[in-house]
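Open the model in your viewer and keep the sequence panel beside it. This tour tells you what to select next and what you will find there.

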Amino acid sequence: MTIIELFPWLLAIASGILAVPILRSMGLASTWAVCSAIAIVVEVRLMFLVASRHILEVLGKRRMDRGRAAAIKRKYHSLDWAKQSRSGGVVFYGCMVCGNFLSANVRKPTHCACGNIKLCGATSMPEIRDQERVRVFSEG
Ligand SMILES: [Zn+2]
C-alpha cells in the first residue's frame with residue numbers, strides 16, 4: 001500500500017483520535033467518547049470514499065466531453081486527399097482495426113498496434129494494408 005492509498009485511513013483515524021479528548025472535555029464518559037470516536041472514524045472514511053468517487057466521476061465526464069469536442073472538430077477526408085495534400089496541415093490516420101490514431105507529421109517510423117498503418121516519416125507516404133478500415137481526418 002502506498003501513502004496515497006493509506007491517506008483516507010490516516011485521516012479517519014486521526015479524526016477519531018482528536019475527537020476523544022474533545023468529547024471528554026464536553027463531559028462525555030470515556031466509553032461513550034471512544035464509541036463516538038469509532039463512529040467518527042467510520043463516517044470520515046465513508047465520506048472520503050463517496051467524495052473520491054464523485055471526483056473521479058466528474059473528471060471522467062470532463063475527459064469524455066473533451067473527446068467528443070475533439071471529434072466534432074474533425075474533418076474527414078479520403079485517403080487520396082491525404083496523399084495529395086502537402087499543405088502542412090495536421091493530418092491524422094485512424095485505424096478502425098485497432099483504434100489507434102497516428103499523426104502524419106512524424107519524424108521516426110511508427111505504426112498502429114495492429115500494423116495496418118505504417119508511417120515511415122514526414123516526407124514518405126503511409127503504407128496501409130487495409131484501406132477500407134482507415135479514416136483520414138484533420139482538425140480545425
Ligand atoms: Zn491498427
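Which residue in β5 is the bridge partner of His111? Select His111 and look across to β5: the partner is Lys118.

Before moving on, two notes on reading the model. Residues are numbered from 1 along each chain as its sequence is written. The model is predicted, so local features need pLDDT of at least 70 and side-chain atom pairs count only at pLDDT 80 or more, while totals for chains, interfaces and linings use all residues.

**Stop 1: His111 and its sheet**

Stay on His111. His111 sits in strand β4. Helices (H or I, at least four residues) and strands (E, at least two) are DSSP runs, numbered from the N terminus. His111 has 17 C-beta neighbours inside 10 Å, so it counts as partly exposed. The scale is this: a residue is buried if 20 or more other C-beta atoms lie within 10 Å of its own, exposed if 12 or fewer, and partly exposed in between, with C-beta atoms placed from the backbone.

Now show what His111 touches. Leaving out residues up to four places away in sequence, its contacts are Ile117, Lys118 and Leu119. A contact means that two C-beta atoms, placed from the backbone, lie within 7 Å. Draw a distance from His111 to Glu127 as well. The two are 16 residues apart along the chain, and their C-alpha atoms are separated by 9.2 Å.

Widen the selection to β4 and β5 (residues 117-119). These strands pair in the antiparallel sense over two bridges. Two strands pair if DSSP finds at least two bridges between them. Add β6, and you have an open sheet of three strands in the order β4-β5-β6, with antiparallel pairing. β4 (110-111) and β6 (127-128) stand at the edges with a single partner strand each, so one side of each has no neighbour in the sheet.

**Stop 2: The strands around β2**

Select β2, residues 91-95. Show its side chains. They alternate: Val91, Tyr93 and Cys95 point to one face and are buried. Phe92 and Gly94 point to the other face and are not buried.

Next, add β7, residues 134-139. β2 and β7 are antiparallel and pair over five bridges. Tyr93 stands opposite Val136, and Phe92 stands opposite Phe137.

Now add β3 (residues 101-103), which pairs with β2 in the antiparallel sense over three bridges. Here Phe92 stands opposite Ser103. β2 and β3 form a hairpin with five residues between them. Click on Gly99 in the turn: its phi is positive, about 85°.

Finish this stop with β1, residues 74-77. Four bridges join β1 to β7, and the two run antiparallel. Tyr76 faces Phe137 in β7.

**Stop 3: The helices**

Go to α1, residues 3-25. At 1.5 Å a residue, its 23 residues should span 33 Å, and the end C-alpha atoms are 32 Å apart, which agrees. The expected span is 1.5 Å times one less than the number of residues. Look for a kink of about 25° centred on Trp9. The bend at a residue is the angle between axes fitted to the seven residues ending there and the seven starting there. Two of the 23 residues of α1 are buried, so this helix lies largely in the open. Just after α1, pick Gly27, where phi is positive at about 100°.

Then select α2, residues 30-72. Its 43 residues should span 63 Å, and its end C-alpha atoms are 63 Å apart, which agrees. One of those 43 residues is buried, so α2 also lies largely in the open.

**Stop 4: The whole chain**

Zoom out. The protein has three helices and seven strands. From the N terminus on, they run α-α-β-α-β-β-β-β-β-β.

Colour by domain. Domain 1 covers 3-72 and domain 2 covers 74-139; the bounds come from an automatic or database domain assignment. Their C-alpha centres lie 47 Å apart.

Turn the model to see its outline. The C-alpha atoms fill a box of roughly 85 × 30 × 25 Å along the principal axes. The radius of gyration is 28 Å, whereas a compact globule of 140 residues would have one near 14 Å. That radius is taken over C-alpha atoms, and the globule rule is 2.2 Å times the number of residues to the power 0.38. Of the 140 residues, 9% count as buried.
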